[in-house]
Amino acid sequence: MENQKVALLGLNLSQLERFAIENGESAFRGRQIYQWLYQRGVNSISDITVLPKVWRDSLMQKGFEVGALKEVNRFISNDRTIKLLLATDDGEIIETVGIPTRDRLTICVSSQIGCSMGCRFCATGKDGLQRSLKVNEIVAQIFAIKEAFEKRPSHVVFMGMGEPLLNINSVLSSINCLNKDIGIGQRRITVSTVGVSNTLAKLAGLGRDYLGSVQFTLAVSLHAPNQYLRERLIPSAKYYPIQSLLKDCRSYIALTGRRVSFEYILLGNLNDHIEHAEELADLISGFQSHVNLIAYNPIDEEDFQRPSTNRIKKFMHVLEARGIAVSIRASRGLDQNAACGQLRRLHT
Ligand code: SF4
């Protein structure tokens, strides 16, 4: 274990008690580590000054570490949104965003370094996937944003870099930690997926195993009202027809008792016509769902257009007239490359 790092972040109370015993101390020391990790948010074992110095040194010599991420850059927008570029132990860079509003602080976390899904409107997908994040690397993002805002995020959305369902075990394990160890209610956590075939039933089953019951929100990125258009925007959709995706959403709702929300990026003159809104309403009729409309944030690599506010409103009114709950997600941090993956691309 000389050079191999082992992170403590992500371990629960009983695991840390066992860890302390296995490393020559009493369970009480494990409880102290637990408190300093999750309540104080320490970045290094050497900062847990309540532990004997000799023991701290020996743990670090053995290769144990908190598992925090190093902040390499910070971008603050006019609207107070903060984007952090964080470095992992192996020198990779990820993005994490803190979005404050009057009554909440939402963190948009990454679940992978890069992404293999290749959605055309997304900067993250342009370089492919480097690797999935480990539990400590997901949880550490919460503490990085907590440090930046000097308060703990109240809401968590897995909408940063990566496809969470391709890193399902670490994502669920980190949700468990966020919920039970950090105290963020599951209902304040959203997992967003663009759709990976044969994973929604698995998510429901594993979610029960990890969390007891699945209470977080699942957001499914549709972005198109039909298979033809969806494939143009999301290449991976070729392997997962839109009707199969919706069938799996229905099963997921039956298995978990939770509503699914649908995400729809509006691209000017591409998927934002009135006919598309009508088609979308037909597609999801019968679902107890919520549609989030998101105006496209331009990236250099593609020449998609951001639609006008007028077009967005017209699209929304069609859905509302069909009895669908719909909201427009406000764009935040537009002056600081708001689209996911943009800052990391500029940095690397
Ligand atoms: S939108 Fe999400 S799933 Fe698609 S390429 Fe970007 S990070 Fe991956």
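Which residue in E6 is the bridge partner of Val97? To find out, select strand E5, residues 93-100, together with strand E6, residues 105-108, in this predicted model. The two strands run antiparallel and are joined by four bridges. Within E6, Cys108 is the bridge partner of Val97.

**The sheet**

Next, extend the selection to the open sheet of ten strands, whose order is E3-E4-E5-E6-E9-E10-E11-E12-E13-E14, with mixed pairing. Strands of a sheet pair through backbone hydrogen bonds, and the pairing may be parallel or antiparallel. At the edges stand strand E3 (70-76) and strand E14 (325-329); each has a single partner strand, so one side of each is left without a neighbour in the sheet. From one strand to the next, the twist averages 25 degrees.

Now add helix H10, residues 309-321, which packs on the sheet. Helix H10 touches strand E12 (260-266), strand E13 (289-295) and E14. The direction of H10 makes about 170 degrees with that of E13.

**The aromatic pairs**

A search of the whole structure for aromatic pairs returns six. Two that share Phe19 may be displayed in turn. A pair of aromatic rings is described by the distance of the centres and the angle of the planes.

Select Phe19 and Trp55 and display their side chains. The ring centres of Phe19 and Trp55 are 6.5 Å apart and the planes stand at 45 degrees, so the pair is tilted. Because Phe19 belongs to helix H1 (residues 13-22) and Trp55 to helix H3 (residues 53-61), the pair ties together parts that are 36 residues apart in sequence. Phe19 and Trp55 are buried.

Keep Phe19 on display and add Phe64. Here the ring centres are 4.8 Å apart and the planes lie at 85 degrees, so this pair is edge-to-face. Since Phe64 is in strand E2 (residues 64-65) and Phe19 in helix H1, parts that are 45 residues apart in sequence are tied together. Phe64, like Phe19, is buried. With Phe19, Trp55 and Phe64 selected, one aromatic cluster is in view.

A ring with a charge over it can be found at Trp36: the charged end of Arg40 sits over this ring, 3.9 Å from its centre.

**Helix H4**

Move to helix H4, residues 135-149. At 1.5 Å a residue, its 15 residues should span 21 Å, and the end C-alpha atoms are 22 Å apart, which agrees. H4 is mostly covered, with 13 of its 15 residues buried. Glu150 follows H4 and has a positive phi, near 55 degrees.

**Two loop residues**

The tour ends at two loops. Is Gly195 buried or exposed? Select this residue in the loop between strand E10 (189-193) and helix H6 (200-211). Gly195 has a relative accessible area of 8% and is buried. Leaving aside neighbours within four places in sequence, Gly195 is in contact with Met117, Glu163, Tyr240 and Leu245. To Leu245, the C-alpha to C-alpha distance is 6.9 Å, although Gly195 and Leu245 are 50 residues apart in sequence.

Finally, select Ser236, in the loop between helix H7 (227-233) and helix H8 (242-256). Its relative accessibility is 16%, so Ser236 counts as buried, the cut-off being under 20%. Leaving aside neighbours within four places in sequence, Ser236 is in contact with Met117 and Val194. Met117 is thus a contact of Ser236 and also of Gly195.

Key
Residues numbered from 1 in each chain as written. Predicted model: local features only at pLDDT ≥ 70, side-chain atom pairs only at ≥ 80, totals over all residues. Heavy atoms only, no water. Phe/Tyr/Trp six-rings, centres within 6.5 Å; stacked < 30°, edge-to-face > 60°. Buried < 20%, exposed > 50% of the residue type's maximum accessible area, 1.4 Å probe, protein only. Lys NZ or Arg CZ within 6 Å of the ring centre and 35° of its normal. Pairing = 2+ DSSP bridges. Axes fitted to C-alpha atoms, helices over the stretch in contact; angles between N-to-C directions. Contact = heavy atoms within 4.5 Å. Expected span 1.5 Å × (residues − 1).
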